Amino acid sequence: MSYQGPIPPAHMLEEYEAVVPGSAKQIIEIFVEQARHRMRMEAGVTEGATKRAWSGFSLGVIGLLSGGILVALNHDTAGSLLAGGSLVSLVGVFIFGTNSQRRERLEKHKQAQPKR
């Protein structure tokens, strides 16, 4: 006998409980703890991604502003290189991150599809 899903159906839990008293409760508690753990892990990943995004954005803005200040102080070449490099880096990271997220979503979608 098999089932699909995170926990067995009620009739199977009743059968487990009949064989080993307290087992149904343990199975449900394990499922609940795994769900909590998964949510904590996902929250940590999301928080880390947000911090990295803000750090990268801040560094990019600092690079652009610094390049603008250098140009204003008649250091055209250095300012242009710094501002241009910062801009290219920000765009490159954005494009790479977007493509990476798309590939990850597609892979998760493929894994979620039932196997035939």
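**Exercises on helix α2**

F57 is partly exposed at a relative accessible area of 45% (buried is under 20%, exposed over 50%, partly exposed in between; 1.4 Å probe, protein chains only). We're working with a predicted model, where local features need pLDDT of at least 70, side-chain atom pairs count only at pLDDT 80 or more, and totals for chains, interfaces and linings use all residues. Residues are numbered from 1 along each chain as its sequence is written, and side-chain values use heavy atoms, leaving out hydrogens and water.

**1. Find the aromatic pair in the structure and describe its geometry.**

- Step one: searching the whole structure turns up one aromatic pair (Phe, Tyr or six-membered Trp rings with centres within 6.5 Å; planes under 30 degrees apart are stacked, over 60 edge-to-face, the rest tilted).
- Step two: W54 and F57 make up that pair, edge-to-face, with centres 5.7 Å apart and 85° between the planes.
- Step three: place them on α2, where they sit three residues apart, so about one helical turn separates W54 from F57.
- Step four: check W54's surroundings; W54 is exposed, at 56% relative accessible area.

**2. Work out how the length of α2 fits its residue count.**

- Step one: α2 runs over residues 23-72, which is 50 residues (helices are DSSP runs of H or I, at least four residues).
- Step two: from first C-alpha to last, α2 reaches 73 Å, close to the expected 74 Å (1.5 Å times one less than the residue count).
- Step three: look past the end of α2, and you hit N74, with a positive phi near 65°.

**3. List the buried residues of α2.**

- Solution: S23, A24, A35, G48, G60, G63 and G67 are the ones.
- For context, 11% of the chain's 116 residues count as buried.

Key: Helix = DSSP H or I, 4+ residues; strand = E, 2+ residues; numbered from the N terminus.
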